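Q: Please take a close look at the second largest pocket and describe what lines it. Then set that pocket in the context of the whole chain.

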Amino acid sequence: MASLSDHDQKSLDTARADTSFFGHPRGLATLFFTEMWERFSYYGMRAILIFYLTSSIAKGGLGFADSKAGAVYGLYTAMVYLMCLGGGWVADRIIGQRRAVLIGGILIACGEFSLLLPSEASFYCGLVLLIAGTGLLKGNVSVIVGQLYAPGDPRRDSGFSIYYMGINIGALISPLICGYVGEWISWRLGFGVAGLGMLIGLVQFLLTSRHLGSAGLHPASTGNAEEDRKSRKSAILSVGAGVAVLALLGALAASGVVEVNANMLSDGLGWCLIGISAVVFVWLLFLGNWTPVERKRSAAILVLFVSSALFWAAFEQAGSSLSLFAERGTDCHLFGYAFPASWFQSVQPIFVIALAPVFGWLWLALRTKEPPSPAKFSLGLLFGGLAFAILIPAASLVVSGQKVAPWWLIGTYFLQTLGELCLSPVGLSAMTKLAPVRLGGFIMGMWFLSTSIGNWLAGKAASLYSSMPLPTLFGSVAAFSIAAAIVLALLIKPTVKMMQGVK
Ligand code: PHE
C-alpha cells in the first residue's frame, strides 16, 4: 500500500492507536467477529457436507458413492483455498480488501442459501458461490488485520493470536448447531443455518467497519494514478475473461455438450495444482532475477511447502474420511447421551483453543532452544501421522463389524491438533520471511496453495473409504506422514542453512 491521502493516513493512524479491544485496536474486534462467523459458516457446512453427499436420496441426501463424494469434497475444499489466491489478487488490483470481504460475505451467504434448494444444480451453483465468496473473504480479512498494526508494532503477533482464536471459536460452535440441525432435522436446513451465521457476520462487519479507519479501503497503489488506472483496467478485463470462460464451460457441461463428472474435474484440478506449484518453484529457483541468498531461501520455502501440503492432506481428512469413520464405525454416545457424528468436528477447535496458549508459552520458555521452523514442521507431520497410526486398531475392529468408542477419534483429533499447533502458526510467517521482499503477498497465496493441495489429497483419501480396507487406508496415511516427518527431520540442518539467517 503506497501513498495514502492525508485524510486516509490520519484515519488509519487513529484506528491503529486505539487500545479498546484487550489492548488492541477496536477494528480487530470487527475482523475477529467477521472471520468467526465466516468460519462458522464454512465449518458448519463442511461438517455435514460429506454426510449429505453420501446419504441416500430417501434420507434427504444426494446418494453419491463414496468415490464421487470424496471427489466433490476434495474439489470443493481445494478450490476454496485456491481461490484465496485469486481473491487476494482481485483485492490488491481492483477493489481493495474491504470491498472484497463484503462481496465475499454476500456470495457466501447466497451460496449457503442455494444449498437450501432441493436440486443438484442449485447444489453445484451454491458450491461455486461459496468458492468465490470464501476466496474473496478469507485471505483478505487477515490482510486487513495486518494493516491494523504499524510496522514494528509489538502487538502484531498477539493480535494474530487473538484472531486465530476467533477462527476456532467459529469452527467450534458451528458443527454443534449446523450438525444438530443437519443430521437430526434436515441436511439442507443445516446449510441454511450456516448461511444465517454468515449474514450475522456481514451485518456486524457493516455496522462496525468504521473502526477500521482506512485499512483495506483501497487497492494497492504504485503512486502513479495513470499507471494504477491502466493496471486496474487490465485486471478487470482478465477477471471478466476468466469468468466468461468458466461460465461458457459451465453452460457446455450443463447442456451435456461436453461430458464432465466430479472425478474428472477433481483429477484435472489435482494436475493443475501440481502444475502451478511446479511453475512457481522453477521460476523461484532457476529463472527470475534473484540474488543467491533469495534463491537459497526459496529452496527452503519449497521444503516447507511440500511438508505443509502433506500435513494438511492428513489433517483435512477430519471432515472427509474421519467423518465417515465417525458416522459408520463409531458409537456416537458419550456418558449415556447420543450425539450427531458431525459434533466430532468441534473437537479439534476445542483442543486448539485450550492448547494454543500452552504452545505459545512453551516456545517462549524454550527461548534460544526454541526449535527452528523446519523442526516444528517435522514434529507437525509426526503428530499428524501418529494421529492416524493410533486409529489402525480401531479400524480393524470396525472392519470386523464392531462400533468403537468415541475416544479413539478424540485421541486422533488431539494428536492432529498438536501437529497443527506446531506447524500452522509458524508456517505462514516463516514463508513470508523467507520470500523475496517484493513477493510478500504472493507467498501468502503459496501458503493457501499448499493447503489447497492438502485438501485435494484429503478428498482423494475419502474416495478410497469403501474400496480400500480401512486399516490399510489409515495405515498408509500414517506411514506417509511419519516417513515425511523423518525425511524432513534429516533435512532440518540443510534447510536451516538454506534459510540464511531467517529464524
Ligand atoms: N483452522 C484453519 C482455518 O480455518 C485451517 C487453515 C489453515 C485454513 C491454513 C487455511 C490455511 O483458518
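A: A helix is a DSSP run of H or I with at least four residues, a strand is a run of E with at least two, and both are numbered from the N terminus. With those names in hand, the description can begin. The model is a predicted one.

The second largest pocket holds about 1900 Å³ of space. Its lining consists of 46 residues, and those nearest the centre of the pocket are M79, V128, I131, L246 and A247. Four elements give two or more residues to this lining: α3 (66-115), α4 (120-147), α7 (225-254) and α8 (262-285). Of these, α3 supplies the largest share, with 15 residues.

What kinds of residue make up the lining? Nonpolar residues account for 36 of them, while eight are polar and two are charged.

Now the whole chain. It contains 16 helices and two strands. Its radius of gyration is 22 Å, and the globule rule gives 23 Å for 503 residues; the two values are close, so the chain is as compact as a globular protein of that length. The C-alpha trace spans about 70 × 55 × 45 Å along its principal axes.

How much of the chain is buried? A residue counts as buried when its relative accessible area is under 20%, and such residues make up 52% of the 503 in the chain. The area that the chain exposes is about 21500 Å², with 72% of it supplied by carbon and sulfur atoms. Contacts can also be sorted by how far apart the partners lie in sequence. Among contacts between residues at least 6 apart, 82% join residues at least 24 apart.

Two residues outside the helices deserve a separate mention. R367 lies in the loop between α11 (347-366) and α12 (373-389). Its phi is positive, about 45°, although R367 is not a glycine. The cut-off for an exposed residue is over 50% relative accessible area; R367 has 68%, so it counts as exposed.

Q500 is found in the segment after α16 (470-498). Q500 also has a positive phi without being a glycine, with a value near 50°. Is Q500 buried, exposed or partly exposed? Partly exposed means a value in between the cut-offs for buried and exposed, and Q500 counts as partly exposed because its relative accessibility is 31%.

Definitions and conventions:
Residues are numbered from 1 along each chain as its sequence is written. This is a predicted model: local features need pLDDT of at least 70, side-chain atom pairs count only at pLDDT 80 or more; totals for chains, interfaces and linings use all residues. Side-chain values use heavy atoms; hydrogens and water are left out. On a 1 Å grid over the protein atoms alone, a cavity is a set of points where a 1.4 Å probe fits but cannot get out, and a pocket is an open set with protein on both sides within 12 Å along at least five of seven lines; lining residues have an atom within 4 Å of a point. Grid points are joined across faces, edges and corners, and a volume is the space filled by probe spheres set on the points. Ala, Val, Leu, Ile, Met, Phe, Trp, Tyr, Cys and Pro count as nonpolar, Asp, Glu, Lys and Arg as charged, and the others, Gly among them, as polar. The radius of gyration is taken over C-alpha atoms; the globule rule is 2.2 Å times the number of residues to the power 0.38. Buried means under 20% relative accessible area, exposed over 50%, partly exposed in between (1.4 Å probe, protein chains only). Contact means heavy atoms within 4.5 Å. Accessible areas come from the Shrake-Rupley method with a 1.4 Å probe; for residues, only the protein chains shown count as cover.
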